[in-house]
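New to this one? Here is a short tour to read with the picture in view.

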Amino acid sequence: MPFVLTPFARELQFKFDARTSPGAMKTHHAHFLRLHHTDQAGVYGWGESSPLPGLNPDYQADFKQTVVSFCEQFNQRNLETEDELAEI
């Protein structure tokens, strides 16, 4: 069975306004990725990709869909081994 990359999106509520050069932020949309191998479901790793609007050129209104599409493309590769994973 292969490695699987799963996206999770969360809206973070700040306890106070986060000050940035474009202005204060009350919330932030965070995108987390979990990588695990289906033969070892208890062993996994987490990553995060959450560009800030107005601060990061990677930010797009449809960024969530970009993350979902990336995970779908990754999962279609059916990577079975750590060596295959290291090659991408």
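What follows goes from the sheet to the helix, then to the core, the rings and a few single residues. Keep in mind that this is a predicted model.

**The sheet**

Start with the strands. There are 3 of them, forming an open sheet in the order β1-β2-β3, and the pairing is antiparallel. As background, strands of a sheet pair through backbone hydrogen bonds, either parallel or antiparallel.

Which strands stand at the edges? They are β1 (3–20) and β3 (40–48); each has a single partner strand, so one side of each is left without a neighbour in the sheet. Going from one strand to the next, the twist averages 25°.

Now look at β2, which covers residues 23–37 and pairs with β3 over 6 bridges in the antiparallel sense. One place to see this pairing is Arg-34, whose bridge partner in β3 is Trp-46. Trp-46 will come back later with the rings.

**The helix and the core**

Helix α1, residues 63–76, packs on the sheet and touches β1 and β2. Its direction makes about 160° with that of β1.

In soluble globular proteins, nonpolar side chains tend to be buried together. Here, the largest nonpolar core has 8 residues: Phe-3, Leu-5, Leu-33, Phe-63, Val-67, Cys-71, Phe-74 and Leu-79. Two elements, β1 and α1, give two or more residues to this core. Which element gives the most? That is α1, with 4 residues.

Phe-63 is one of the core residues. Leaving aside its neighbours within four places in sequence, Phe-63 is in contact with His-31, Ser-49, Pro-51 and Asp-58.

**The aromatic rings**

How many aromatic pairs does a search of the whole structure find? It finds 2. Here they are side by side:

| Ring pair | Distance between centres | Angle between planes | Kind |
|---|---|---|---|
| Phe-8 and Trp-46 | 5.4 Å | 45° | tilted |
| Tyr-44 and Trp-46 | 6.3 Å | 90° | edge-to-face |

Through these ring pairs, Phe-8, Tyr-44 and Trp-46 are linked into a cluster. Phe-8 lies in strand β1 and Trp-46 in strand β3, so their pair ties together parts that are 38 residues apart in sequence.

Are these rings buried or exposed? Trp-46 is exposed, with a relative accessible area of 52%. Tyr-44 is partly exposed at 48%, and Phe-8 is partly exposed too, at 24%.

**Two single residues**

His-36 sits in strand β2. Why does His-36 count as buried? Its relative accessibility is 13%, and buried means under 20%. Setting aside neighbours within four places in sequence, the contacts of His-36 are Pro-2, Phe-3, Val-4, Ala-41, Val-43 and Tyr-44. Two names on that list have already come up: Phe-3 belongs to the largest nonpolar core, and Tyr-44 is part of the ring cluster.

Finally, find Asn-78 in the loop between α1 and α2 (82–87). What is the phi of Asn-78 near? It is near 50°, a positive value in a residue other than glycine. With 42% relative accessibility, Asn-78 counts as partly exposed.

Terms used: Residues are numbered from 1 along each chain as its sequence is written. This is a predicted model: local features need pLDDT of at least 70, side-chain atom pairs count only at pLDDT 80 or more; totals for chains, interfaces and linings use all residues. Side-chain values use heavy atoms; hydrogens and water are left out. Two strands pair if DSSP finds at least two bridges between them. Axes are lines fitted to C-alpha atoms, for helices over the stretch in contact, and angles run from 0 to 180 degrees between N-to-C directions. Contact means heavy atoms within 4.5 Å. Buried means under 20% relative accessible area, exposed over 50%, partly exposed in between (1.4 Å probe, protein chains only). Rings of Phe, Tyr and Trp (its six-membered ring) pair if their centres lie within 6.5 Å; planes under 30 degrees apart count as stacked, over 60 as edge-to-face and the rest as tilted. A nonpolar core is a set of buried Ala, Val, Leu, Ile, Met, Phe, Trp, Tyr and Cys residues joined through side-chain atoms within 4.5 Å.
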